[in-house]
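Open the model in your viewer and keep the sequence panel beside it. The stops below say what to select next and what is there.

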Amino acid sequence: MAQLKKEAEPQDFTMMLGVAAILLSLLGSVYGLVLPQLNSIQQQSTEQNRQLQQQLTEQNRQLQQQFTEENRKFEIFQQSLLALTSSDSELKGKVEILQSDNTTLVEKT
């Protein structure tokens with residue numbers, strides 16, 4: 001039995017080397033098939049990221065431009081409101097003067 005075991009060992013070793021060679025060959029084939037696909041996926045992903053970045057940059061530019069325009073409109077509105085408020089105060093002052101003048105005229109007559 002020991003003799004059979006010794007004779008079987010070189011055959012087992014040869015068979016294991018053969019299996020290992022086959023497995024390495026299969027691994028190389030799978031690697032050769034998968035690697036180009038992974039590279040393709042990476043290139044597509046990089047291109048999609050570049051396009052999205054470009055779109056986001058353009059949207060950001062448009063939003064900044066819109067914000068600047070709205071801010072300018074608000075400043076004009078604010079200045080107009082301030083001018084109206086000043087005019088209103090001036091008018092109230094003039095009305096008070098006219099009322100005072102009117103009261104004085106009425107008292108004189």
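A residue counts as buried when its relative accessible area is under 20%, as exposed when that value is over 50%, and as partly exposed in between. Keep those cut-offs in mind for every stop. Note also that this is a predicted model.

**Stop 1: the whole chain**

Show the chain as a cartoon. How many helices and strands are there in the chain? One helix and zero strands. The helix is H1, and it covers residues 2–108. Now colour by accessibility. Of the 109 residues in the chain, 0% are buried. Switch to a surface view. The chain exposes about 10300 Å². Carbon and sulfur atoms supply 62% of that area.

**Stop 2: the nonpolar patch**

Select Val30, Tyr31, Leu33, Val34, Leu35, Leu38 and Ile41. Together these residues form a nonpolar patch on the surface. Their combined accessible area is about 670 Å². Now pick out Leu35, one of the patch residues. Leu35 sits in helix H1. Is Leu35 buried, partly exposed or exposed? Its relative accessibility is 31%, so Leu35 counts as partly exposed.

**Stop 3: Glu47 and Arg50**

Now move on to the charged side chains. Side chains of opposite charge can pair when their charged atoms come close. The structure holds four salt bridges, and this tour visits some of them.

Select Glu47 and Arg50 and show their side chains as sticks. The two side chains meet in a salt bridge, at 2.6 Å from N to O. Where do the partners lie along the chain? Glu47 and Arg50 are three residues apart in helix H1, so about one helical turn separates them. Check the exposure of each. Glu47 has a relative accessible area of 33% and is partly exposed. Arg50 is partly exposed as well, at 44% relative accessibility.

**Stop 4: Glu58 and Arg61**

Select Glu58 and Arg61. Their side chains also form a salt bridge, with an N to O distance of 2.6 Å. Both residues lie in helix H1. They are three residues apart, about one turn of the helix. Glu58 is partly exposed at 33% relative accessibility. Arg61 has a relative accessible area of 41%, which also counts as partly exposed.

**Stop 5: Glu69 and Arg72**

Select Glu69 first. Glu69 belongs to helix H1. Its relative accessibility is 32%, so Glu69 is partly exposed. Which residue does Glu69 pair with in a salt bridge? Add Arg72 to the selection. The closest N and O atoms of this salt bridge are 2.7 Å apart. The contact between the two side chains is also listed as a polar contact of 2.7 Å. Arg72 and Glu69 are three residues apart in helix H1, about one turn of the helix. Arg72 counts as partly exposed, at 42% relative accessibility.

**Last view**

Keep the three pairs on display and bring back the cartoon. Glu47 and Arg50, Glu58 and Arg61, and Glu69 and Arg72 each form a salt bridge. Then turn the nonpolar patch back on, with Leu35 among its residues.

Terms used. Residues are numbered from 1 along each chain as its sequence is written. This is a predicted model: local features need pLDDT of at least 70, side-chain atom pairs count only at pLDDT 80 or more; totals for chains, interfaces and linings use all residues. Side-chain values use heavy atoms; hydrogens and water are left out. Helices (H or I, at least four residues) and strands (E, at least two) are DSSP runs, numbered from the N terminus. Buried means under 20% relative accessible area, exposed over 50%, partly exposed in between (1.4 Å probe, protein chains only). Accessible areas come from the Shrake-Rupley method with a 1.4 Å probe; for residues, only the protein chains shown count as cover. Patches are made of residues with over 30% relative accessible area and no salt bridge: like charges are joined within 9 Å, nonpolar side chains (Val, Leu, Ile, Met, Phe, Trp, Tyr) within 5 Å. A polar contact is a pair of N or O atoms within 3.5 Å; within protein, one must be able to donate a hydrogen and the other to accept it, and residues adjacent in sequence count only if both atoms are side-chain atoms.
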